[in-house]
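Dear colleague,

I am handing over the structure we spoke about, with the sequence alongside. Please look it over first, and then read the notes that follow.

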Amino acid sequence: DEFIRGEGTIEKIPFRPQKGEMYYSIDNYNSAWGYDWVGTTRDYTRLIAGIVFRTLEEAEAYIPTWKERISKL
């Protein structure tokens, strides 16, 4: 109903890889790399930090935002 009236909102759900699924993230040198999700602490740390992406292009596009975020720490 809300969408029909133009009042609905779409909420983007963050990507959450399944075991063995490839994901992309940003490393310590602000480069994007692919990883296999195995459920390690490092995988979950990236997920919590908000730097787990479905594609390399998404990860690379986020690098300027990531640099800005970490510069404020």
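In this predicted model, the largest nonpolar core is made up of eight residues, namely Ile26, Ala32, Ile51, Phe53, Ala59, Tyr62, Ile63 and Trp66. Helix H2, which covers residues 56-71, gives the most to this core, contributing four residues. Ala59 is a useful member of the core to click on, since, leaving aside its neighbours within four places in sequence, Ala59 is in contact with Tyr24, Ser25, Ile26, Ala32 and Phe53.

As for the overall layout, the chain has two helices and two strands, and from the N terminus on these elements run β-β-α-α. A compact globule of 73 residues would have a radius of gyration near 11 Å, whereas the chain has 15 Å. Taken along the principal axes, the box filled by the C-alpha atoms is roughly 45 × 30 × 20 Å. Buried residues account for 23% of the 73 residues in the chain, and the chain exposes about 5,900 Å², of which carbon and sulfur atoms supply 53%. If one takes the contacts between residues at least 6 apart in sequence, 40% of them join residues at least 24 apart. On the charge side, there are 10 positive and 12 negative charges, and their mean positions are 7 Å apart.

The loop between the strands deserves a separate look. Ser31 lies in this loop, between strand S1 (22-26) and strand S2 (32-36), and Asn30 has its place there too. Is Ser31 buried, partly exposed or exposed? Its relative accessible area is 29%, and because buried means under 20% and exposed over 50%, Ser31 counts as partly exposed. Leaving aside its neighbours within four places in sequence, Ser31 is in contact with Ser25, Ile26 and Ile63. Asn30 is likewise partly exposed, with a relative accessible area of 22%. The backbone of Asn30 may also catch your eye, as its phi is near 60 degrees, a positive value in a residue other than glycine. For context, most residues other than glycine have a negative phi.

Some pairs that are far apart in sequence can be compared in space. Glu60, whose place is in helix H2, is partly exposed, with a relative accessible area of 43%. The C-alpha atoms of Ser31 and Glu60 are separated by 7.3 Å, although these residues are 29 residues apart along the chain. Glu60 and Tyr24, in turn, are 36 residues apart in sequence and 9.0 Å apart in space, C-alpha to C-alpha.

Thr9 offers another pair to set beside these, and it is found in the segment before S1. Thr9 counts as exposed because its relative accessibility is 68%, the cut-off for exposed being over 50%. Its C-alpha atom and that of Thr65 are separated by 24 Å, with the two residues 56 residues apart along the chain.

When you open the file, Ala59 and its contacts with Tyr24, Ser25, Ile26, Ala32 and Phe53 may be a convenient place to begin, followed by Ser31 and Asn30 in the loop between S1 and S2.

With best wishes

Notes
Residues are numbered from 1 along each chain as its sequence is written. This is a predicted model: local features need pLDDT of at least 70, side-chain atom pairs count only at pLDDT 80 or more; totals for chains, interfaces and linings use all residues. Side-chain values use heavy atoms; hydrogens and water are left out. The radius of gyration is taken over C-alpha atoms; the globule rule is 2.2 Å times the number of residues to the power 0.38. Buried means under 20% relative accessible area, exposed over 50%, partly exposed in between (1.4 Å probe, protein chains only). Contact means heavy atoms within 4.5 Å. Accessible areas come from the Shrake-Rupley method with a 1.4 Å probe; for residues, only the protein chains shown count as cover. Lys and Arg count as positive and Asp and Glu as negative; His and the chain ends are not counted. The place of a charge is taken as NZ of Lys, CZ of Arg, CG of Asp or CD of Glu. A nonpolar core is a set of buried Ala, Val, Leu, Ile, Met, Phe, Trp, Tyr and Cys residues joined through side-chain atoms within 4.5 Å.
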